[in-house]
Amino acid sequence: MILDLDIGNTLSKWRLKDTVSSEIRSRGAVWTREEWRPGADIPDLDVVTAVRISSVARKQVLDETVELLRKQVGVVHVAHSTREALGVTCGYEEPQRLGVDRWLGALAGHHLTGGCCSVDCGSAITVDFVLPGGKHLGGYILPGLRLMKESLKLGTRNVAIDPDTEVDTLLAPGRNTVEAVNHGIYMAAVSAVNRLYAEVCDREGVALPLLLTGGDARVVARGLRVPHALWPDMVYAGLEALYPLTAAERAGRLSGAPDQPRVPDLEKLRSGLALTQML
Ligand SMILES: Nc1ncnc2c1ncn2[C@@H]1O[C@H](COP(=O)(O)OP(=O)(O)O)[C@@H](O)[C@H]1O
Ligand SMILES: CC(C)(COP(=O)(O)O)[C@@H](O)C(=O)NCCC(=O)O
Ligand SMILES: [K+]
């Protein structure tokens, strides 16, 4: 079995993947701040032959995790952002400073679509751009939904946005504090993604496939105006691409990859943007 770890600022996600069949056998998540109890929170390491890790948590969390794993597992891959990988060149002045979850998302997105806008809606919302030739432009970092809500300190932190609420409702003026906060932060997140996507595509003269991942991807996606696809395992897919271990991975088949999203017509995107800028 392969153990894949995606350690974010809020949640540490894990999944077990069958080395032979490439099937995902189980998955789970624990709060990143809490101490891990091997065996209870994460699967039994006896069956694990290799580990692949993406971590943006404090260095200490990663170091402790790696130390624990190296004692019991022969192969431990820890991903890092680099200047170039798999045909993608990093847009950061100092590539190692780009969050590795963003880098892995960009690599997976480029592998699937050959140029993309990848959006990761977690603790932070990150929006990254890769041009069809593999040039990563850099990107944007915004507070995530939960972080925006907590920073307001209005006592609404425990009332999450219901992802099944109609988008029209989510964008209507709130009639109590919970609604006003939830609708406000939702509007902030979706309008930022809509706008950044249109601005950068306009600037670069190319309509890029739009891919979303992260805990809040589904709810953010519902407010988007442009075609897009959800890829919950996008960070894991970056690990698969960087450290292929199964036959399917070596053949370039990344697990959970969505169908290629349609791309909008560039001229339509531009006229929509022109209208926004006029208002
Ligand atoms: N069951 C859940 N537990 C915690 N957060 C959740 C849950 N479902 C959705 N979320 C949302 O997902 C976000 C965490 O998403 P995730 O992509 O795992 O973040 P990160 O990678 O930063 O840890 C939270 O900020 C929250 O808004
Ligand atoms: C921007 C992030 C905090 C997002 O992390 P997440 O929301 O997935 O937990 C993470 O990618 C990070 O720590 N990046 C380093 C700074 C940068 O990318 O410029
Ligand atoms: K994120």
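Here is a friendly exchange about the two ligand sites of this predicted model.

Colleague: What makes Tyr92, Gly99, Asp101, Arg102 and Ala124 part of the surroundings of ligand 2?

Modeller: A residue counts as near if one of its heavy atoms lies within 4 Å of the ligand. In this model 14 residues surround ligand 2, and those five are the closest.

Colleague: Why is the pair between Asp101 and ligand 2 called a polar contact?

Modeller: The cut-off is 3.5 Å between N or O atoms. A polar side-chain atom of Asp101 lies 2.6 Å from an oxygen atom of ligand 2, so the pair qualifies as a polar contact. Arg102 also passes with a polar side-chain atom, at 2.7 Å from a ligand 2 oxygen. Ser123 uses its backbone instead, with an N or O atom 3.2 Å from an oxygen atom of ligand 2. As for cover, ligand 2 has 460 Å² of accessible area on its own, and the protein covers 77% of that.

Colleague: Which helix and which strand each supply at least two residues of the shell around ligand 2?

Modeller: They are helix H2 (100-113) and strand S9 (124-130). By class, that shell has 5 nonpolar, 6 polar and 3 charged residues. Domain 1 (2-78) and domain 2 (101-242 + 256-278) each give the shell at least three residues.

Colleague: Turning to the other ligand, which residues come nearest to ligand 1?

Modeller: Leu11, Lys13, Ser123, Gly215 and Asp216 do, out of 13 residues around ligand 1. The shell divides into 3 nonpolar, 7 polar and 3 charged residues.

Colleague: What makes Lys13 a polar partner of ligand 1?

Modeller: Again the limit is 3.5 Å, and a polar side-chain atom of Lys13 lies 2.7 Å from an oxygen atom of ligand 1. The side chain of Asp216 places an N or O atom 2.7 Å from a ligand 1 oxygen, while Gly215 has a backbone N or O atom 2.9 Å from one. The protein covers 72% of the 560 Å² of accessible area that ligand 1 has on its own.

Colleague: How do you know that ligand 1 lies between domain 1 and domain 2?

Modeller: Domain 1 (2-78) and domain 2 (101-242 + 256-278) both contribute residues to its shell, so ligand 1 lies between them.

Colleague: And in which pocket does ligand 1 sit?

Modeller: Ligand 1 sits in the largest pocket. The space taken by ligand 2 is the largest pocket too.

Conventions
Residues are numbered from 1 along each chain as its sequence is written. Chains are lettered from A and ligands numbered from 1 in the order in which they are written. This is a predicted model: local features need pLDDT of at least 70, side-chain atom pairs count only at pLDDT 80 or more; totals for chains, interfaces and linings use all residues. Side-chain values use heavy atoms; hydrogens and water are left out. A polar contact is a pair of N or O atoms within 3.5 Å; within protein, one must be able to donate a hydrogen and the other to accept it, and residues adjacent in sequence count only if both atoms are side-chain atoms. Accessible areas come from the Shrake-Rupley method with a 1.4 Å probe; for residues, only the protein chains shown count as cover. On a 1 Å grid over the protein atoms alone, a cavity is a set of points where a 1.4 Å probe fits but cannot get out, and a pocket is an open set with protein on both sides within 12 Å along at least five of seven lines; lining residues have an atom within 4 Å of a point. A molecule sits in a cavity or pocket if more than half of its atoms lie within 2 Å of its grid points. Helices (H or I, at least four residues) and strands (E, at least two) are DSSP runs, numbered from the N terminus. Ala, Val, Leu, Ile, Met, Phe, Trp, Tyr, Cys and Pro count as nonpolar, Asp, Glu, Lys and Arg as charged, and the others, Gly among them, as polar. Domain bounds come from an automatic or database domain assignment.
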